[in-house]
Amino acid sequence: CPFEVLFADKSDRATNEQVLDPRTRIILFKMIGRGLIHEVNGCVSTGKEANVYHALTPEFAHLALKIYKTSILVFKDRDRYVTGEYRFRRGYNRRNPRKMVRLWAEKELRNLRRLQAAGIPCPEPFEVRQNVLVMSFLGNREGWASPRLKDAEINDSSVYASLYSELLVHADLSEYNILYHDDHLYIIDVSQSVEHDHPSAFDFLRSDIKNVEEFFAKMGISCLGLRRCFEFVVKEKLDTTEELDAEEVFKKWLELSESEDSREGESIEATSGRSAHEDAVFEKSYIPRTLGDLYDPEREVAALSLDDGQMPIYAQTIELVQPVKRVLTAADDTQVDDGEELPIPLTEDG
Ligand code: ADP
Ligand code: MG
């Protein structure tokens, strides 16, 4: 039965995690009534915070429905994304989980729109109603979802480089939130992505890069390394030309680092040990966002300089002062007031 999901009843509830609460069912029935969807099929994924379902339009086009769960406990972890972001400066209502969940679903829709506008491959968002996000389905004609990067079995270094040509502060980026679809990497699960002015933006970005680097290294792909990738992403002006786009510049960095890394007379093991050490140091460093974040800028920058006179990444970051431009912003600028209806849609330039 195509409506299996909608009609499963209470008696199944204990055994069937996919059963939807009555309000969510009403939302889906209304979507069917409006002719947006024709049928809701099986579950593509059951997660901690949301389930993803496959659905068909009356014209048999494939859709993905991300249905956020509305239990309070699930969203407790989200505080760290909200704290410090001015859009949430008035807080959000912890006691009203439905409202909170709606907020995250709306944020995800807007973030997907931002990605789309920036030309980053992602599912096309269609609409959000309360806790239900409707987007295009990334999969084949038979309705099978495209694999996550984790399961995609790719060992193509171009795919790796393509990811760095445009990156956002995803804040939960890993091989689980990237789908390999039509030979490209598609970014999904962006409800927690933040603007680059978020106080923890650089920390999120660093851990995003770390996850991706570790994954590709495990796949046997020769990687640029955490510190250099970070540097690449936050660099204000890349040496791009008409012939050389960001992806090609990244490949150049990669080639350069392979030749640069090996110091004369040094064994391969020693070389990789040294860059691993650099990355480990960088991983634990505090990354100031602006000069104002430093107690005594001059002294601290001096203290940070490396033995070989090279400026460390955080010092370079300070020099930028201007917020990072190439770290594409995926966040929205909606101000969230408790009880306020969020305006949808926003204009493209937000
Ligand atoms: P969660 O919060 O549960 O991690 P995700 O947005 O990451 O939610 O989605 C969970 C899984 O559902 C993904 O790993 C992917 O396999 C599948 N999925 C999500 N969105 C789509 C989509 N638009 N098309 C196809 N599959 C999707
Ligand atoms: Mg996910």
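**Exercise 1. Which strands does H4 lie across, and at about what angle does H4 run to S4?**

Solution. The model is a predicted one.

Step 1. Take the helix itself: H4 spans residues 97–117.

Step 2. List the strands beneath the helix: H4 lies across S3, S4 and S5.

Step 3. Read off the angle: H4 runs at about 165° to S4.

Step 4. Add the other helix on these strands. Helix H2, residues 22–33, lies across S1, S3, S4 and S5, and runs at about 40° to S5.

**Exercise 2. State the strand order of the open sheet of 5 strands, and explain why one side of S1 and one side of S4 have no neighbour in the sheet.**

Solution.

Step 1. The order is S1-S2-S3-S5-S4, and the pairing is antiparallel.

Step 2. S1 and S4 (125–129) stand at the edges with a single partner strand each, so each has one side without a neighbour in the sheet.

Step 3. From one strand to the next, the twist averages 25°.

**Exercise 3. Follow the pairing from S1 through S2 and S3 to S5, giving bridge counts and one facing pair of residues for each step.**

Solution.

Step 1. Between S1 and S2 there are 5 bridges, in the antiparallel sense. Here Glu39 is opposite Leu56 of S2.

Step 2. Between S2 and S3 there are 7 bridges, again antiparallel. Leu56 has His62 of S3 as its bridge partner, and Leu56 also faces Glu39.

Step 3. The connection between S2 and S3 is a hairpin with 5 residues between the strands, and Phe60 in its turn has a positive phi of about 65°.

Step 4. S3 and S5 run antiparallel and are joined by 5 bridges. Leu65 is opposite Val134 of S5.

Step 5. Now consider the environment of S3. Of its 7 residues 6 are buried, so S3 is largely enclosed by the rest of the structure.

**Exercise 4. Describe the shell around ligand 1: how many residues surround it, and which are the closest?**

Solution.

Step 1. The shell has 19 residues, the closest being Ser45, Gly47, Ala64, Pro123 and Asp189.

Step 2. Sort the shell by class: 11 residues are nonpolar, 4 are polar and 4 are charged.

Step 3. Trace the shell back to the sheet. S1 (39–46), S2 (50–56) and S3 (62–68) supply at least two shell residues each.

**Exercise 5. Which domains does the assignment give, and how many residues of each are in contact with the other?**

Solution.

Step 1. The domain assignment gives domain 1 as 4–146 and domain 2 as 178–328.

Step 2. In the contact between them, 17 residues of domain 1 meet 17 residues of domain 2.

Step 3. On the domain 1 side, helix H4 provides the largest share, with 6 residues.

Step 4. By class, that side has 10 nonpolar, 3 polar and 4 charged residues.

**Exercise 6. Which side chains of S8 are buried, and how do S7 and S8 pair?**

Solution.

Step 1. S8 covers residues 184–187, with alternating side chains: Leu185 and Ile187 point to one face and are buried, whereas His184 and Tyr186 point to the other face and are not.

Step 2. S7 (residues 178–181) runs antiparallel to S8, and 4 bridges join the two. One facing pair is Tyr180 with Leu185.

Step 3. The hairpin has 2 residues between its strands, and Asp182 takes a positive phi near 50°.

**Exercise 7. Is Leu149 buried or exposed, and which residues does it touch?**

Solution.

Step 1. Leu149 is in the loop between S5 and helix H5 (157–165).

Step 2. The cut-off for a buried residue is 20 or more other C-beta atoms within 10 Å. Leu149 has 23 such atoms, so Leu149 is buried.

Step 3. Leaving out residues up to four places away in sequence, Leu149 touches Glu175, Ile178, Tyr180 and Leu185. Tyr180 and Leu185 are also bridge partners.

**Exercise 8. How much of H7 is buried, and what share of the protein is?**

Solution.

Step 1. Helix H7 (residues 226–234) has 8 of its 9 residues buried, so H7 is largely enclosed by the rest of the structure.

Step 2. The buried residues of H7 include Arg227, Arg228, Cys229 and Phe230.

Step 3. For the protein, 33% of the 350 residues count as buried.

Methods: Residues numbered from 1 in each chain as written. Chains lettered and ligands numbered in written order. Predicted model: local features only at pLDDT ≥ 70, side-chain atom pairs only at ≥ 80, totals over all residues. Buried ≥ 20, exposed ≤ 12 C-beta atoms within 10 Å, placed from the backbone. Pairing = 2+ DSSP bridges. Near = placed C-beta within 6 Å. Nonpolar A, V, L, I, M, F, W, Y, C, P; charged D, E, K, R; others polar. Domains from an automatic or database assignment. Contact = placed C-beta atoms within 7 Å. Axes fitted to C-alpha atoms, helices over the stretch in contact; angles between N-to-C directions.
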